[in-house]
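Open the structure in your viewer and keep the selection tool at hand. The stops below say what to select next and what is there.

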Amino acid sequence: METSNPTISVVICTWNRANWLESTLRSLSAQAGVRKDAIECVVVDNNSVDGTRSLVERFAKDWPLGRLIYVFEPRQGKQFALNRAVRVTSNEILAFTDDDIDLPQNWLLEIQRLFSSAQVDLAGGKTLIGWGARGKPGWFAPDMLAILAGVDLGDKQLAPAPPEYAPGGSNLIARRSLFDAVGLFSETHFRHMDYEFGMRCQQRGVRIIYEPKLVVQAPVDERCLTKKYFRHWAFKAGIGRSGGIDAAGRPPRVARWIYRQLLEDAWAHLTSSGGLDEAQSFSRELRMWRALGTVSNAWHGWLRPSTHATWVEQRSQKKNGLYA
């Protein structure tokens, strides 16, 4: 069964990034090939103090693509902003992207084409990295792509996608009925709530598609191109792997192989052993930091359950737009 030109709600959650958001809104306003009355665009402001509201209201006056709606979400955390968007939007398809993304002119048209089939409930595509003037650092390895929100599984559609695949939040497209079936984004995950949602959908047997024609570009904030930033990101990613806030009050649940890998990687890091080049060595170091985050979260939740939620939140929220 096919649906001609399904209606789309574009969702952008933002927090104190008006300078980046302006570029994203410009690229969104230039979408071509779709009916205006089939689109609504929602910006969810998650407590910004940098003029985000006035920026959105200025764009809304002459918005060429359906409606541009400003929504304020007072609870700090992207998961709350995402769920607010699900509740206030009305169209059949929800297209989630980020406030620092450049969207090609055919992005919405490709979404309509893909979701004209009623067999598609959840999809993601490519998020290509825009390296900027400094270029790619010498210590960067391909397995670090996710740290900069990059996604590239190749040029062939994967339907269904691999069982470990979850669409990234900068290019995540979902049918509204999917949220009725599997629930909203987890509000106990301050990071990687998109991955948790995708894994929950995988477990429920939802057919997920990777569509390489859905392409967006993520320009790199050069402040992120430091080893310190990557280390913090890896540690915080590990927190989610052992349950995040949900680890409070329960015995540590960490697989033995994670402990073993942590010790092996720590020893190799301290002794500079292994004969690896700079990128390979740093990749191994990041694996160590991620395992350390997993172990730390599990034991902190068990030993200090009353303060664990605050501990997780403090280590999961961005500060000045960075994980630091």
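Start with helix α4, residues 107-115. The helix lies across β1 (8-14), β2 (39-45), β4 (93-98), β5, β6 and β7, and runs at about 170 degrees to β7. Helices (H or I, at least four residues) and strands (E, at least two) are DSSP runs, numbered from the N terminus. Axes are lines fitted to C-alpha atoms, for helices over the stretch in contact, and angles run from 0 to 180 degrees between N-to-C directions. Contact means heavy atoms within 4.5 Å.

This is a predicted model, in which local features need pLDDT of at least 70 and side-chain atom pairs count only at pLDDT 80 or more, while totals for chains, interfaces and linings use all residues. Residues are numbered from 1 along each chain as its sequence is written, and side-chain values use heavy atoms, with hydrogens and water left out.

**The sheet**

Next, select the strands. Seven of them form an open sheet with mixed pairing, in the order β3-β2-β1-β4-β6-β5-β7. Its edge strands are β3 (67-72) and β7 (208-219), each of which pairs on one side only. Two strands pair if DSSP finds at least two bridges between them. On average, neighbouring strands of this sheet are turned by 20 degrees against each other, direction ignored.

Now narrow the selection to β5 (residues 122-130) and β6 (residues 172-175). These strands run antiparallel and are joined by three bridges. Which residue of β6 stands opposite Leu-122? Select Ala-174 to see the partner of Leu-122.

**Helix α6**

Move to α6, residues 193-203. Its buried residues (under 20% relative accessible area, where over 50% is exposed and in between is partly exposed, with a 1.4 Å probe and protein chains only) include Met-193, Phe-197, Met-199 and Cys-201. Among the elements that cover the buried residues of α6 are α3 (78-88), α5 (176-182) and β7. After α6 comes Gly-205, which has a positive phi near 80 degrees.

**Aromatic pairs**

The whole structure holds 13 aromatic pairs. Rings of Phe, Tyr and Trp (its six-membered ring) pair if their centres lie within 6.5 Å; planes under 30 degrees apart count as stacked, over 60 as edge-to-face and the rest as tilted.

Select Trp-139 and Phe-230, an edge-to-face pair with 4.9 Å centre to centre and 85 degrees between the planes. Trp-139 sits in the loop between β5 and β6 and Phe-230 in helix α7 (residues 227-241), 91 residues apart. Trp-139 is buried at a relative accessible area of 11%, and Phe-230 is buried at 0%.

Then select Tyr-165 and Tyr-210: the ring centres are 6.0 Å apart and the planes stand at 80 degrees, so this pair is edge-to-face. Tyr-165 belongs to the loop between β5 and β6 and Tyr-210 to strand β7, so the pair ties together parts 45 residues apart in sequence. Tyr-165 is buried, with a relative accessible area of 6%, and Tyr-210 is buried at 0%.

For the last close-up, select Trp-131, Trp-139, Phe-140, Tyr-229, Phe-230 and Phe-282, which form one aromatic cluster.

**The whole chain**

Zoom out. The protein chain has ten helices and seven strands, and its C-alpha atoms fill a box of roughly 60 × 45 × 45 Å along the principal axes. Buried residues make up 52% of the 324 residues. Of the contacts between residues at least 6 apart in sequence, 82% join residues at least 24 apart.
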